[in-house]
Amino acid sequence: MTTDNKAIVQRALTELIGTGDVNALAPLLSDDFVHHRPDPKTSTKAEWLDAVRAALTPLAGMHVEIDHVLADGDHVVMHSRRRAPGGGPEIVVVDIWRLDGGLIAEAWEIIEPVSQATANLTWWNPPTR
């Protein structure tokens, strides 16, 4: 099942980025799909598809390079680098997907602009005395 789950997630991203068609993604999501964010906000299937649709318009032609796809049971983790068209900013994205019955049931996503990576590590470095 792990291999099948990886294939489903890879197909979802390929369909979405390759065609720009959010409707191609919808059948791969369960009806009770939930998208989780780092803040307390979550989105339903319809809300998330609307947000993706709105984001894809300015990102048409985005370059996506998948660095890692790891699967364990019903979870798939994908690490990718994405660059906006026209030499736009590069971001690193970590997606965690939970599948149930061959459909994507939940998603978590962390996005970090590469240009801000060093600044985002300041919490890790203790202050010098």
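A hairpin of five residues leads from strand 1 to strand 2; strands here are DSSP runs of E with at least two residues, helices are runs of H or I with at least four, and both are numbered from the N terminus. Strand 1 covers residues 29–36 and strand 2 covers residues 42–44, and the two run antiparallel with three bridges between them. Two strands are said to pair if DSSP finds at least two bridges between them. Within this hairpin, His36 of strand 1 stands opposite Thr42 of strand 2. The model is a predicted one, in which local features need pLDDT of at least 70 and side-chain atom pairs count only at pLDDT 80 or more, while totals for chains, interfaces and linings use all residues. Residues are numbered from 1 along each chain as its sequence is written, and side-chain values use heavy atoms, with hydrogens and water left out.

Strand 1 also pairs with strand 6 (residues 103–113), this time in the parallel sense and over four bridges. One of the matched positions is Val34, whose bridge partner in strand 6 is Glu106. As a reminder, strands of a sheet pair through backbone hydrogen bonds, either parallel or antiparallel. Here the pairing is mixed: six strands form an open sheet in the order 2-1-6-5-4-3. Strand 2 and strand 3 are the edge strands, each pairing on one side only. On average, neighbouring strands of the sheet are turned by 20° against each other, direction ignored; such angles run from 0 to 180 degrees between N-to-C directions, with axes taken as lines fitted to C-alpha atoms, for helices over the stretch in contact.

Further along the sheet, strand 3 (residues 63–72) and strand 4 run antiparallel and are joined by nine bridges. Glu65 has Arg81 as its bridge partner in strand 4. The hairpin of these strands has two residues between them, and there Gly73 takes a positive phi near 60°. Strand 4 and strand 5 likewise pair in the antiparallel sense, over nine bridges. Their hairpin has six residues between the strands, and in it Gly86 takes a positive phi near 70°. Opposite positions in this pairing include His79 with Val94 and Val76 with Trp97.

Strand 4 (residues 75–83) gives a neat example of alternation: Val76, Met78, Ser80 and Arg82 point to one face and are buried, while His75, Val77, His79, Arg81 and Arg83 point to the other and are not. Buried means under 20% relative accessible area, exposed means over 50%, and partly exposed lies in between (1.4 Å probe, protein chains only).

Aromatic rings link several of these elements. Rings of Phe, Tyr and Trp (its six-membered ring) pair if their centres lie within 6.5 Å; planes under 30 degrees apart count as stacked, over 60 as edge-to-face and the rest as tilted. By this rule there are two aromatic pairs. Phe33 and Trp48 form a tilted pair, 5.1 Å centre to centre with 40° between the planes. Because Phe33 lies in strand 1 and Trp48 in helix 3 (residues 45–56), this pair ties together parts that are 15 residues apart in sequence. Phe33 counts as buried at 2% relative accessibility, and Trp48 is buried as well, at 9%. Trp48 and Trp97 form an edge-to-face pair, with 6.4 Å between the centres and 75° between the planes. Since Trp97 belongs to strand 5 (residues 90–100) and Trp48 to helix 3, the parts tied together here are 49 residues apart in sequence. Phe33, Trp48 and Trp97 form one aromatic cluster.

In soluble globular proteins, nonpolar side chains tend to be buried together. The largest nonpolar core (buried Ala, Val, Leu, Ile, Met, Phe, Trp, Tyr and Cys residues joined through side-chain atoms within 4.5 Å) has 24 residues, of which Leu25, Leu29, Trp48, Leu49, Trp97, Leu99 and Ile104 touch the most other members. Helix 1 (2–19) is among the elements that give two or more residues to this core, and with five residues helix 1 gives the most.

Helix 1 also holds Asn5, which is buried with a relative accessible area of 2%. A polar atom of the Asn5 side chain lies 2.9 Å from the backbone oxygen of Gly73. Leaving aside neighbours within four places in sequence, Asn5 is in contact (heavy atoms within 4.5 Å) with Gly73, Asp74, Val76 and Leu99.

Conventions: Polar contact = N/O pair within 3.5 Å; in protein donor to acceptor, adjacent residues only side chain to side chain.
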